[in-house]
Amino acid sequence: LMLNLIKKDILIIKRILLMSCFVLTFVPFFFAFMNSHIESGFSFLFMSVLAISIIGQAISSEEARFPEAYAVLCATPYRRRSIVCAKYIEFLALFCGCFVINGIVFRLIAPIKVSGLKESACAWFLIVLLTSFYLPLEIKYGAKQTKWFFASIIILASSGALFALRTASGFSRFADFPTIGTLSPIFIGITLIVLSVISYLISLRLSIKIFIKKDL
């Protein structure tokens, strides 16, 4: 049943899916060829934000065109919990796809810019935190009412390399703090991954509660 729900979302955006994949694949190539200190971690973060903005919003917009579709689904064997879980799985699969493609491009073109565990985990934590905050809002208020959220995210992300370099310098100063500086990068990376999982699960639980109580 879960697989059918995921297939349903793929089918409703199949016309723009290939174009979206092409645009997203261009991102790691762009950052990998740039003569700068931008690493694969920021490229993955930027790529994931675009993926949510293009593919995630496309799915939400199509669903918003037919608000009665959820009521029809809930009248079938599909449970409300399954509908929410399918959306979270889709976003997670989208991030994994971005991570794999981004990693392959950087290892082939600019292996010196491949981020370590700490930096990669930080990128994962930021994108998961963003999604964990956004999805309950979308489920509660709908795609149209939450477009402002991604509009602001796109504006921040579009600052590109300059934003990355400023952020990197900020992280460097933060890492020089005695307590943080003594921590192992592996420990920091694992901690961020655990926090990402906890954040996503809390968000999933909250979204399920919201959708169960929502009038369709």
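User: Why is Ile190 called partly exposed?

Analyst: In this predicted model, Ile190 has a relative accessible area of 45%. Partly exposed covers values between the buried limit of under 20% and the exposed limit of over 50%, so Ile190 is classed as partly exposed. The residue lies in helix α10.

User: What makes Ile190 eligible for the nonpolar surface patch?

Analyst: Patch residues need over 30% relative accessible area, and Ile190 has 45%. Ile190 is therefore listed in the patch of about 870 Å², whose members also include Leu117, Ile186 and Ile202. Helix α10 (residues 185–213) gives the most to this patch, with nine residues.

User: How do you know that the length of α10 agrees with the expected span?

Analyst: The expected span is 1.5 Å times one less than the number of residues. For the 29 residues of α10 this gives 42 Å, and the end C-alpha atoms are 42 Å apart, so the two values agree. The helix also has buried residues, among them Ile188, Leu192, Tyr200 and Phe211.

User: What makes Phe95 and Trp124 an edge-to-face pair?

Analyst: A search of the whole structure finds 11 aromatic pairs. In the pair of Phe95 and Trp124, the centres are 6.5 Å apart and the planes meet at 85°. Pairing requires centres within 6.5 Å, and planes over 60 degrees apart count as edge-to-face; the pair therefore meets both conditions. Phe95 lies in helix α5 (residues 80–109) and Trp124 in helix α6 (residues 117–141), so the contact ties together parts 29 residues apart in sequence.

User: Why are Phe95 and Trp124 both called buried?

Analyst: Buried means under 20% relative accessible area. Phe95 stands at 0% and Trp124 at 17%, so each value falls under that limit.

User: Why is the pair of Phe99 and Trp124 called tilted?

Analyst: The ring centres of Phe99 and Trp124 are 5.7 Å apart, with 55° between the planes. Stacked pairs are under 30 degrees and edge-to-face pairs over 60, the rest being tilted; an angle of 55° therefore places this pair in the tilted class. Phe99 lies in helix α5 and Trp124 in helix α6, so the pair ties together parts 25 residues apart in sequence. Phe99 has a relative accessible area of 34% and is partly exposed.

User: What makes Lys87 and Glu138 a salt bridge?

Analyst: The closest N and O atoms of Lys87 and Glu138 are 3.6 Å apart. The limit is 4 Å, so the pair qualifies as a salt bridge. The structure holds one salt bridge. Lys87 is in helix α5 and Glu138 in helix α6, so the bridge ties together parts 51 residues apart in sequence.

User: How do you know whether Lys87 and Glu138 are buried or exposed?

Analyst: Their relative accessible areas are 6% for Lys87 and 7% for Glu138. Buried means under 20%, so both residues count as buried.

User: How do you know that α6 has the expected span, and what follows the helix?

Analyst: The 25 residues of α6 should span 36 Å, and the end C-alpha atoms are 36 Å apart, which agrees. The helix is followed by Gly142, whose phi is positive, near 95°.

User: Which helices and strands does the protein chain have, and what share of its residues is buried?

Analyst: The chain has 10 helices and zero strands. Buried residues make up 42% of its 216 residues.

How values were computed:
Residues are numbered from 1 along each chain as its sequence is written. This is a predicted model: local features need pLDDT of at least 70, side-chain atom pairs count only at pLDDT 80 or more; totals for chains, interfaces and linings use all residues. Side-chain values use heavy atoms; hydrogens and water are left out. Rings of Phe, Tyr and Trp (its six-membered ring) pair if their centres lie within 6.5 Å; planes under 30 degrees apart count as stacked, over 60 as edge-to-face and the rest as tilted. Helices (H or I, at least four residues) and strands (E, at least two) are DSSP runs, numbered from the N terminus. Buried means under 20% relative accessible area, exposed over 50%, partly exposed in between (1.4 Å probe, protein chains only). Patches are made of residues with over 30% relative accessible area and no salt bridge: like charges are joined within 9 Å, nonpolar side chains (Val, Leu, Ile, Met, Phe, Trp, Tyr) within 5 Å. Accessible areas come from the Shrake-Rupley method with a 1.4 Å probe; for residues, only the protein chains shown count as cover. A salt bridge is a side-chain nitrogen of Lys or Arg within 4 Å of a carboxyl oxygen of Asp or Glu.
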